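Work through the exercises below on charged side-chain pairs. Keep the model open beside you.

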Amino acid sequence: MRRLLSALALGLLASLPIKAADGPTARVPAQAHPADPEAAALLDAIRAKGNQPINLQLVSALSPKLAKARGALAATIRYESIVPRPLRELTIMRTAQLMGGEYELHQHTPAAKACGYSQAQLDALARWQGSDLFNAKERALLAYIDQIVRIGSEVDDKTFAELARLFNAQEIVEVTMIAGSYVGTAMLTNALRVRIDEPGVYASIVTGPC
């Protein structure tokens with residue numbers, strides 16, 4: 001009887017969600033203060049700006065040159081894209097959702113809310129087709145993102161025509177590249193089991209006003 005109760009207790013514990021503070025940072029040995037000088041400099045530069053490196057940055061620092069390149073791309077998306085930031089965040093949120101990217105959903109939910117999306121809209125995002133909470137431009141974007149992420153770049157003519165009616169050529173290229181970037185991020189965080197950060201710990205690039 002005691003063994004049965006113990007087994008049931010272990011099964012219950014195993015079914016509970018892992019808290020942000022539980023377990024290793026990732027499947028790979030990410031460190032807050034790595035011995036590699038290039039990796040250390042990368043993380044110290046984040047701290048010098050008054051920010052705490054998030055777990056994704058700790059993991060990425062294991063390949064500091066690629067981490068630097070990824071950081072530059074993220075900064076370009078955040079500060080230099082002509083696509084309005086609310087639509088960028090919608091692109092990121094839907095891409096992460098389709099990829100099962102819980103890490104990026106956690107990171108970008110505050111940014112999406114700062115850009116005006118309500119909790120009701122975020123809750124409806126998984127079934128946006130049947131929701132009246134998204135306008136025509138958002139719906140055209142979501143239909144496009146669904147096809148390029150789910151199917152892998154095969155977009156039907158009707159979906160693309162509606163996107164092209166509401167977005168210019170540069171905007172179309174940008175949202176496509178943004179989605180592609182965050183497909184890769186979701187693959188990285190999922191494959192390496194990057195632990196979701198503590199509550200309130202976000203990348204500086206997603207914080208601040210929209």
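**Exercise 1.** Classify Arg150 as buried or exposed, then trace its charged partners.

*Solution.* The model is predicted. Arg150 has a relative accessibility of 53%. The cut-off for exposed is over 50%, so Arg150 counts as exposed. Salt bridges with shared partners join Arg150, Asp146 and Arg94 into one network. Within it, Asp146 pairs with Arg150, their closest N and O atoms lying 3.4 Å apart. Now take Asp146. Its relative accessibility is 5%. Buried means under 20%, so Asp146 counts as buried. Finally, place the pair. Asp146 and Arg150 sit four residues apart in helix 8 (residues 136-152), so about one helical turn separates them.

**Exercise 2.** Find which residue forms a salt bridge with Glu38, and state where both partners lie.

*Solution.* The partner is Lys65, with 3.1 Å between the closest N and O atoms. This pair links distant parts of the chain. Glu38 belongs to helix 2 (residues 37-48) and Lys65 to helix 4 (residues 64-79), 27 residues apart. Next, check accessibility. Glu38 is partly exposed at 36%. Lys65 is exposed at 59%.

**Exercise 3.** Describe the salt bridge between Asp44 and Arg47.

*Solution.* Start with distance: the closest N and O atoms are 3.1 Å apart. Then location: both residues lie in helix 2, three residues apart, about one turn of the helix. Then accessibility: Asp44 is partly exposed at 41%, and Arg47 is partly exposed at 25%.

**Exercise 4.** How many salt bridges does the model contain?

*Solution.* Apply the cut-off of within 4 Å between side-chain nitrogen and carboxyl oxygen. The count comes to six.

Notes. Residues are numbered from 1 along each chain as its sequence is written. This is a predicted model: local features need pLDDT of at least 70, side-chain atom pairs count only at pLDDT 80 or more; totals for chains, interfaces and linings use all residues. Side-chain values use heavy atoms; hydrogens and water are left out. Helices (H or I, at least four residues) and strands (E, at least two) are DSSP runs, numbered from the N terminus. Buried means under 20% relative accessible area, exposed over 50%, partly exposed in between (1.4 Å probe, protein chains only).
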